[in-house]
Each structure stands twice: as structure tokens, then as C-alpha cells.
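Colleague: I'd like a close look at one part of this model, please. Take your time and walk me through it.

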Amino acid sequence: MALDPRQSLRIRYAKTLISVLQLGTLDYARALGLQQRLVEMRKNGQIGDVLLLLEHLPVITLGRNAKSKNILASPELLAQRGVEVAECDRGGDVTFHGPGQLVGYPIFDLRGFPAAEGKRQTLGAIEYVRRLEEVLIRTCADFRIPAKRICGLTGVWTATSPEAKIAAIGVHISRAVTSHGFALNVNNDLSYFDLIIPCGISTRPVTSMARELGRPLDMLEGAHALSRHFGQVFQSQILWVESLEALLGPAVGVPMKPPAELRRVHKEDETSWA
């Protein structure tokens, strides 16, 4: 019996390729510029889907929905602690990034990922965010840290009492291509979160994997676990690349532009979430 066109598309594009590049520690402005460059290249079909993994120098970022009152520290105190403040176009409120925190920036064209169910053929913004949460929950589980979602709140939280935020999510989607992403607290200094009201939520604390386990973790081990779960949750092959130059070389294994019938599925221009 012949497959209907929608089912045929899902089978044909069920397995994509995600290139993973680990960048080390970058200041926020440099990482943002790199994201913007890769987003334009992804839109133009010059590269495939990319996951950037990195750590930031201390920085407070303000998403599109950020309220300045959620920065509690004075400019003088921020300068004393070496913390920059940067605005960006991701969704969400105020958060902190710093050394020991595993930050991920997926540069994905969502038109290449089939939706799980429902009326959409390809991945939409809400399901994309739910998949990011699932990746983070599974990564925590690898280290025996029970984690979960909380209804009405974006991100990942510990499942034990008191519920504490262990990973934040804030994304931007333009012409179906994603940027920004998530921050998983691994070994970072949690005292920096005292400078802000994280994500505008004052009723729940922030935690880290190291705090939950009572010991520091190997960041590379965390990055490998995370990338493995990206492959599982997004039904993709994972390819680690050694450098930005290698990433920008000839792509393999995945069409650079989705076929016309998939490109017509997404009509939204820009979306911010979280």
C-alpha cells in the first residue's frame, strides 16, 4: 500500500545530522556574533544543523521580556564582580551565564525535523522547547539527578524538594531557524544568581549538578551526555567537529536546504520563547 505524502516525508527526513562544536570559554558578544553568522548561513543553506557548546565569562543577559528591576545588584557591584550586562533577542527574562555552566546554542532549521504528532508536519516552537527540556532532563538522569518540567514554567527543575531550577531555556526562531538555547548549571558559582531574580521567578531557588551531587563534574563528560541525548530526542546523527573551520567546510549527510514542500510548511517569521 502506498504511503501518503506526509508519511513519506517523515520517513525520508527522520534522520538528520547535527554537527557539535565545543568552543571553550567565550565572552558573550563574541558568541552572539558567531550565532548570528551561523544563523544566516543556515538560512542560506550554506551549513547544516549545528549545536554550539561553550561556557561564558560572567554575564547577565536580558531577553525580550526582561524587566530591569530583576537585576538586584548595583552597576558598581556588577563591575566589582566582573559581570557584564547584555541585551539579546531571545525570549525570557533575566539570567546569568558564567564559567562552569554548560551553555548550548542549537542553530537548527526546524523544517528538517518532523513533528511527533498533530496537524504540523514539522517541528514548531513549543514542541522544540519541550524537546530541549527533554534533552536536559535525560542528561541530569545520566548523573542520577531526578529532574522534571513544571507546568507553566519553561526550563528544567529538580524533582526533589525544594524544587530548584537547574537549567534555563530561552530561544529565538527566525524563518524557522533557531538561535540562543539553554544553560545547564554544572559546576558554576551559584552566588552570582543572588545578583538577579533568575528568569523573574523569586519563589524557587537555583541549583547546579555539582550541588545536587555534592561534588564537581567533568564538563566534557556532561557535554558528551548532552550531545548523545540530542541525537536521541531529535532523531539525528551526531558529528563532533574539531574547529569552526571544519564546521564551515563541505557538509555531509544532510540536505543543506529542505525540499520546497517542507519549506512551505513554516510561515512564521520570528518567534522568541521562554
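How many nonpolar, polar and charged residues does the lining of the second largest pocket have? And once you've covered that, carry on to the helix contact and the backbone oddities.

Modeller: Sure, and keep in mind that this is a predicted model. The lining of the second largest pocket has 2 nonpolar, 6 polar and 4 charged residues. The space in there comes to about 170 Å³. Of the 12 residues that line this pocket, Q36, V39, D89, H172 and S179 are the closest to its centre. Three elements give two or more residues each to the lining: the helix α2 (28–43) and the strands β9 (165–174) and β10 (177–185). The biggest share comes from α2, with 6 residues.

Those two strands lead us to the backbone. In the loop between β9 and β10 you'll find A176. Its phi is near 75°, so a positive value in a residue that isn't glycine. Over in the loop between β8 (153–158) and β9 sits P162, and the peptide bond that runs from S161 to P162 is cis, with omega near -5°. For context, most residues other than glycine have a negative phi, and most peptide bonds are trans.

Now the helix contact. The axes of α4 (residues 125–142) and α6 (residues 219–233) come within 9 Å and cross at roughly 135°. That angle is neither over 145 nor within 65 to 115 degrees, so α4 and α6 count as oblique to each other. Their crossing is right-handed. On the α4 side, the contact is made by R131, L132, E134, V135, L136, R138, T139 and D142. From α6 come G222, A225, L226, R228, H229, F230, Q232 and V233. Sorted by class, this contact has 7 nonpolar, 4 polar and 5 charged residues.

Conventions. Residues numbered from 1 in each chain as written. Predicted model: local features only at pLDDT ≥ 70, side-chain atom pairs only at ≥ 80, totals over all residues. Heavy atoms only, no water. 1 Å grid on protein atoms, 1.4 Å probe; cavity = no way out; pocket = protein on both sides within 12 Å on 5 of 7 lines; lining within 4 Å. Points joined across faces, edges and corners; volume = space filled by probe spheres on them. Helix = DSSP H or I, 4+ residues; strand = E, 2+ residues; numbered from the N terminus. Nonpolar A, V, L, I, M, F, W, Y, C, P; charged D, E, K, R; others polar. Axes fitted to C-alpha atoms, helices over the stretch in contact; angles between N-to-C directions. Parallel < 35°, antiparallel > 145°, perpendicular 65-115°, else oblique. Left-handed = near helix turned anticlockwise from the far one by under 90°. Contact = heavy atoms within 4.5 Å.
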